[in-house]
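Take a look at the chain below. We will go through it in a few short steps, beginning with its cysteines.

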Amino acid sequence: MVAWNRAAWGQLTVEEKRHAMQGVLKQLPAGFKWLRLERFERYGQSIETGVFVYEGSEYVYVPGDTVTLGRSEVHMYAEMSPVREAVIGPLLVQRQPASAGWYECPLDRLDPEEDEDVLEAIEEFRQGPHTSYEYSQYFRLERDGEQIVVFLFDDSESFEEWCESELPEGFTLPTEDEWEYLYGAAARTLFPWGDEIDETMRLRHVSGSSVANAEDPYPLELPNAFGLCFPGDPYKKELVLTPDGITGKGGDGGCNLHGGQGVALGYLPTATAFRDPYESELEWEDLLDCLVYRRVVRL
């Protein structure tokens with residue numbers, strides 16, 4: 001299969017793209033199915049690309065490119081990845097990230113004896129007024145209409161142990177270079193959308209930032225020019241690979257925002273090149289609490 005870069009991919013006809021996607025399908029782990037070609041557009045960039053599905057999750061084909069990543073300027077309360085040239089190969093990328101630390105547990109799977117405290121909390125929660133309740137790094141309860149949804153915290157003790165259950169053969173996580181390319185769609189601005197946070201946008205954890213309908217999606221969570229969705233939430237980080245191990249990108253666990261730094265600095269961790277300067281102080285369980293992840297297949 002040709003390792004298309006973005007420029008060459010953009011010159012292909014619809015039929016040539018469909019033919020190329022059949023070649024991609026032959027390289028993928030068993031269980032993938034081809035769905036369609038779809039055009040995505042955001043922040044002045046667009047691409048028409050292939051969409052696949054695996055176990056109910058959509059994946060998009062992202063052609064590779066040679067790009068400049070990182071930022072040279074220094075920001076207070078933040079570190080940025082250095083300016084560098086990176087060669088990114090084509091990828092098949094999961095469109096929506098999933099929680100790395102929390103997983104939904106059906107009520108009928110809770111054991112009356114082993115999970116007695118969880119079941120008691122559910123009954124108390126059912127009678128109360130709250131829409132959510134969390135017992136740190138143990139269980140979380142969410143109200144969905146008349147139903148109570150239970151999430152349990154992952155009990156892995158290391159990244160390596162977590163990988164054994166979450167990354168089947170043929171799948172991996174994006175590297176920091178790949179993630180910055182995917183998140184920013186190769187834009188050279190501080191954020192994928194520009195160099196500043198628009199404080200009039202509807203932003204998570206910012207009261208009064210907008211009077212938008214509560215059912216409307218948050219703007220920063222909408223698909224980008226590659227068709228990928230990101231949390232756009234400084235309380236969350238996306239798990240990526242580094243030469244030395246792993247890191248979280250796209251947030252700081254809410255440190256700046258929770259620390260009263262204001263919206264501009266509070267949302268600075270959503271910058272493409274941001275690196276959390278305090279992450280090394282976290283144990284795996286603490287990092288896992290705020291992590292999301294997406295699977296990729298390198299082609």
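Start at cysteine 290. Its relative accessibility is 13%, so cysteine 290 counts as buried. Bear in mind that this is a predicted model. Cysteine 255 is placed otherwise: its relative accessible area is 49%, which makes it partly exposed. That value falls short of the exposed class because exposed means over 50%.

What about disulfides? The structure holds 0 of them. Cysteine 255 is in no disulfide, and its nearest cysteine sulfur, on cysteine 290, lies 8.4 Å away. Cysteine 290 is likewise unpaired, with the sulfur of cysteine 255 as its nearest at 8.4 Å. A disulfide needs two cysteine sulfur atoms within 2.5 Å, so a gap of 8.4 Å does not qualify.

Now turn to helix H5, which spans residues 176–184. How many of its 9 residues are buried? The count is 8, so the helix is mostly covered. Among the buried residues are the aromatics Trp179, Tyr181 and Tyr183. The glutamates Glu176, Glu178 and Glu180 are buried too. Leu182 and Gly184 complete the list. Just after H5 comes alanine 185, with a positive phi of about 50 degrees.

Finish at the surface. Glu113, Glu114, Glu116, Asp117 and Glu120 form a negative patch there. Where does glutamate 113 sit? It is found in the loop between strand S9 (102–104) and helix H3 (116–127). Glutamate 113 counts as exposed because its relative accessibility is 69%.

Terms used:
Residues numbered from 1 in each chain as written. Predicted model: local features only at pLDDT ≥ 70, side-chain atom pairs only at ≥ 80, totals over all residues. Heavy atoms only, no water. Patch = residues over 30% accessible without salt bridge, like charges linked within 9 Å, V, L, I, M, F, W, Y side chains within 5 Å. Areas by Shrake-Rupley, 256 points an atom, 1.4 Å probe, with all protein chains shown as cover. Salt bridge = Lys/Arg side-chain N within 4 Å of Asp/Glu carboxyl O. Lys, Arg positive; Asp, Glu negative; His and termini not counted. Charge placed at Lys NZ, Arg CZ, Asp CG, Glu CD. Helix = DSSP H or I, 4+ residues; strand = E, 2+ residues; numbered from the N terminus. Buried < 20%, exposed > 50% of the residue type's maximum accessible area, 1.4 Å probe, protein only.
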